[in-house]
Amino acid sequence: MAFVWVLTAEMETNLFSRREFLKGIAYSALAPYSLSAAMKEEVNKLQLYSAATDFNGDHWLVISNIKGEKLNKLRLPSRAHQVFKHSSLEMLCVVARRPGKYISLVHSKTGTLIKTLFPSAGYHFYGHGLFSNDGRYLVTSENHIESAEGRIAVRDRLSGFEIVNQFPSHGIGPHEIKLTTDGQTLVVANGGIKTHPGNGRAKLNLSTMRPSLVYLNLSTGKLLEKKRLPTSLHQLSIRHIDINHLDQVVIAMQYQGDRTDQVPLMAVHSRGEDIRLLNAPVNTYLAMKHYCGSVCFDASGKFAAATSPKGDRLTIWDISKEQLIDEVRCRDACGVAALDNQGFVVTSGTGKLYHYSIKHKAVQTLASFVSLNQVINEPPNLPERMAWDNHLSIST
Amino acid sequence: MHLVYILLIYLLSIGSVAYANEVAAKLTNNQTKRLTADQNESAWRKFNITTVKDYVIPAYKKLAMTNNDLYLVTQSFCHTLISSNKDQKKAELQIAKDAFHNSMDAWQYIQNINFGPIEIGLRHHSIQFWPDKKNHIGKQLNKLITGGDVNALTVDGFERNSISVKGLPAIERLLFQKGALEQFKNKPFSCEVLQGISRYLSDTSASLHDEWLTTMLPQFKDAKQLDGYFEDDIDAATALLKTLVEPIEIIRDLKLDRPLGSQLDKSKYKRLESWRSQRSLLNLQLNIQSLELFFMGTEVGASSKTTGNDKGLRLLLTESEIVDIQNNFKIVKDELHEIQAPLEEAILTVSGYQTAKSLSISLTQLHKSLEGAITHSGIRLGFNSRDGD
C-alpha cells in the first residue's frame, strides 16, 4: 500500500495551525450561536430515530426529540444499525447490525413493534436498507452466507413483506444503499469485506478485498455501472454513501490496511465518471483514523458531513467544489442527519446530540445526555444513559 | 472560515478491539449504583488537573531536558570528529549514544499522549516515525545527507524536510549504524544532519512542554471555556484516560504481536521498535512504568510511590478494581522482567518467544481491567469509536 501524500507538503499549514492553537481558537468546537425563531419552531417538531445502547449493554430503538427527550423506546433483540422511516406511513424500519438476524418494523409515534422480519435461510442482513420511493417495497442489502456474495432483497409491503425479488449486489459485503432521484436506480456500496456468521464479525479477505460502487436497476437487478478504486486502494472499504438531487454520490470509507498507512477516506462519484477522491490536508485524514462512520448531504445537496468516531471528528465538505470546508472535534460522533439547509444533527457514543451550523461553521450541544427514563432535571443513572449508535434519521 | 487544521493522530492508536460493550454488559446492578461521571464532575476535574500537573507536564519537561542534552552532546561529538584521536571519538560516540538513550527513555514515558500540542505539525510522527515499513527514514536520510544542502538544516529549512528524518529513529540510525565513526568520517555532512535533527528535537520538545504548561493546563482548569479544546471536564478526563488505556493495545499490537508474527519461525526482530539500539525491551518496560505512574497518580520523577488509594485514578475506582489493575500491572512487569534482554534476540528463542506471547495476553488483560473499571466509573472511552461498522 503506497503512501498517498508526501507528508512534508503540509508543513505550511501546520505552522499556521500552530499559531492558531497558541491563540487558543483552533480547537473551537462549541461556539454559541442562535437558531432563528422560525427555525427553532421547526426544529422542535423534529423526531430523531436511532439505535442506541445503554451502559448495561442493552440495545434499544430510541425515538427522541431534538432536545434529547425520549419520546419512545423499544428494546431490541441485539444491536441495530440503521433506522429509517417510511415516507408516508408511521413506520420505522430498524435493521440489525451485521450479521443481522432481524428487521423490526415499529410504529414511529408509539414505538410499538409492528412486525419482525427475518432473513431467508442462508442469508443475513448487512445493517442497511430503504423504502422505494412509492413506499411499497423494502429493499435491503444482504449476504448470501454460503457464497459470501452480496444480495439485494426486495420485499413487498402489500404482501406482508414477502420477498418478491432478489438479485446480486455484484460485490462482497453490500452495506449502505441509496436510490437515485428517479427512484429506479439503486446505488450500492459493496464494502468488499467477506464475513461469515460462523466467524462472528471477523473480516476474512482483507488481502484480496475489492470494494465497489454499483448502480443497479431496482426492478430488474440489471447491473448498470460498477466502479472501483485503483488497485492500490483495494483495502479502502466503500461502506457509507449518500446521494443528492444531482445524483452525485458522496462516499465515506474505512480503511482495512495497515494502521500506519495514510489514505484518503472521502470520495464522490457521478454516473459515467471515475470515483474521485477528495483532497484534504494530511492532518485531517490522519485525524479521521481510517474510519468514517456515517455520511450525509445537507438539504441543498451542496455540503456533506462525515463522522469519524475513532478520531472524534466531524468533517464538513463542499461537494460542489470537492473541498473540505471545516473540521471540528466531536467526541465519538457517528450518527449524522441533515437539518434543512442549516446544517446537521450529530449523535455521539457519549450520548450527546449536537447541531452543526454550516453558516457559522460551529457545532453546539443540543442535549448532553439522553436517558431512557426521560429525566430532564437531573443526570440519568448510569445504566440508563444511552450511547447513540452509528446512524441517525430525522423526520418532522 | 477557520479550519481546525491542528490535528494529528498517533496513527498507531487506531484501535479496533471490541469489548467495550462486553465490559459494560457485565456490570452488575450493585456496581451501577455508583455516581455517573457528570454527577462526579468536580472529582474528575481534580483528577484531570493533577494528572496534567504531576504526570504530563513533568514528563514533557524531562523530554525537553534530555533532548536539549542530546543536542549539546551531538554538537560536541561532531566537533570531536574533526580534531580528536580515535579513542576520544569512540568515547564521544558512546556519550552521544547514551544521550540518545536518555532521550528515548523520556519519549517512551510520554509517547502515549497523542492529543493536544503533539497533534500540531505532525509532531508525534516527527519525534518518532515508526513503524517505517517502507524505509522512508533510510531513503530520506540518505537524500538529506547526499544532498549536502546546508539550507535544509536551518531552523526554517529543517521544517520542510520529511517528518521521517526529524526524530529519534533517524538519530538512532546515524549513531548505531555499523562502523558509525567511519561513516561519519566518509560523509561529514551526516554529522551536520545529526545536529540538525537534535536541534529540531530539542526545540520541538521545549515547545511541547511550554504549550502544555501555558495552553493546555488552563484548558483542564476550565474545561468548559468557550472556544476551548474540551467540551467539559468529562470530555477532558476521557481524553486523558484514553491515553492510559489505548496505548496498551498499541504496545501489544505493534511493539509485540507484529514482530512476533504467528509463530516462532515467523518472528521478525527488525519489526521491533528500536532494534538498532537493541532497546525494544526497555521501551516496553518504560511504557508500562509510565502507564502505572499515570494510574497510581504518582508524580513523574517522584522518589517513591504513594501507597494509599487517594491519588490519581484510584480515587475514582473501587478497592477491588484497584487491586485487580495493580495485579495486572505486576503480571505484565514480571513477564517483562522474565524476558532476557535484548528482546531482539529473545524472540528468536523458544522460551523468549513464549514469554513474549504470554506478555501479549497479559497486556490484553491489563487493558480489559482498566477499561472495565473506567467504564464502571461512568466514563465510556468509546462506543462507535471502539466498534464501528
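**Strand β13 of chain A**

Select β13(A) and strand β14 (residues 212–217) of chain A. Six bridges join the two, and they run antiparallel. This is a predicted model, so read each stop as a prediction. Now pick A:Val188. Opposite A:Val188, in β14(A), stands A:Val214.

Turn to the other partner, strand β12 (residues 174–179) of chain A. Four bridges tie β12(A) to β13(A), again with antiparallel direction. Label A:Leu179 and A:Leu186: they are bridge partners, with A:Leu186 in β13(A). Follow the chain through the hairpin of β12(A) and β13(A). Five residues lie between these strands, and A:Gly183 takes a positive phi near 75°.

Is β13(A) mostly covered or mostly open? Mostly covered: six of its six residues, 185–190, are buried. Colour the two faces separately. A:Thr185, A:Val187 and A:Ala189 are on one side. A:Leu186, A:Val188 and A:Asn190 are on the other. Both faces are covered.

**The sheet β4 to β7**

Next, select strands β4, β5, β6 and β7 of chain A. They make an open sheet of four strands in the order β4-β5-β6-β7, with antiparallel pairing. At the edges are β4 (80–85) and β7 (113–117) of chain A, each pairing on one side only. Look along the sheet for its twist, which averages 20° from one strand to the next.

Zoom to β4(A) and strand β5 (residues 91–96) of chain A. Four bridges join this antiparallel pair. A good pair to label is A:Phe84 and A:Cys93: A:Phe84 stands opposite A:Cys93, which is in β5(A).

**The nonpolar cores**

Stay in chain A and select A:Val94. Which residues does A:Val94 contact, leaving aside its neighbours within four places in sequence? The list is A:Ala51, A:Leu61, A:Leu76, A:Ala80, A:Val83, A:Ile103, A:Ser104 and A:Val106.

Now add A:Leu61, A:Ile251, A:Ala304 and A:Ala305 to A:Val94. These five touch the most other members of the largest nonpolar core, which has 104 residues. A second, separate core holds 97 residues, among them B:Met104, B:Leu272, B:Leu316 and B:Ile339. Nonpolar side chains tend to be buried together in soluble globular proteins.

**An exposed arginine**

Go to A:Arg75, in strand β3 (residues 70–75) of chain A. Why does A:Arg75 count as exposed? Because A:Arg75 has 12 C-beta neighbours inside 10 Å, and 12 or fewer is the cut-off for exposed. Show A:Asp58 and A:Trp60 as well. Leaving aside neighbours within four places in sequence, these are the contacts of A:Arg75. Draw a C-alpha to C-alpha distance from A:Arg75 to A:Asp58: it is 7.6 Å, with the two 17 residues apart in sequence.

**The sheet β24 to β27**

Move on to strands β24, β25, β26 and β27 of chain A. These four form an open sheet in the order β24-β25-β26-β27, and the pairing is antiparallel. The edge strands, each pairing on one side only, are β24 (333–339) and β27 (362–367) of chain A. Here the twist averages 25° from one strand to the next.

Isolate strand β26 (residues 353–357) of chain A with β27(A). Five bridges join this antiparallel pair. Label A:Leu353 and, opposite it in β27(A), A:Ala367.

**Confidence along chain A**

Colour chain A by pLDDT. The average is 87, and 88% of the residues score at least 70. Select residues 1–30 of chain A: pLDDT stays under 50 there, and the model has 71 contacts for them beyond four places in sequence. Then select residues 372–378 of chain A, also below 50, with 12 contacts beyond near neighbours in sequence. Where pLDDT is low, the predicted coordinates should not be read in detail.

**Chain B**

Switch to chain B in cartoon view. How many helices and strands are there in chain B? There are 14 helices and zero strands. Of the 389 residues in chain B, 54% are buried. Among contacts in chain B with a separation of 6 or more, 78% link residues 24 or more positions apart.

Colour by domain. The domain assignment gives domain 1 (11–54 + 230–376) and domain 2 (57–218) of chain B. Each contributes 22 residues to the contact. On the domain 1 side, the elements giving two or more residues are α2 (41–83), α10 (233–260) and α11 (280–296) of chain B. Finish on α11(B), which gives the most to that side, with five residues.

Key
Residues numbered from 1 in each chain as written. Chains lettered and ligands numbered in written order. Predicted model: local features only at pLDDT ≥ 70, side-chain atom pairs only at ≥ 80, totals over all residues. Buried ≥ 20, exposed ≤ 12 C-beta atoms within 10 Å, placed from the backbone. Contact = placed C-beta atoms within 7 Å. Pairing = 2+ DSSP bridges. Axes fitted to C-alpha atoms, helices over the stretch in contact; angles between N-to-C directions. pLDDT = per-residue confidence, 0-100. Core = buried A, V, L, I, M, F, W, Y, C linked by C-beta atoms within 7 Å. Domains from an automatic or database assignment.
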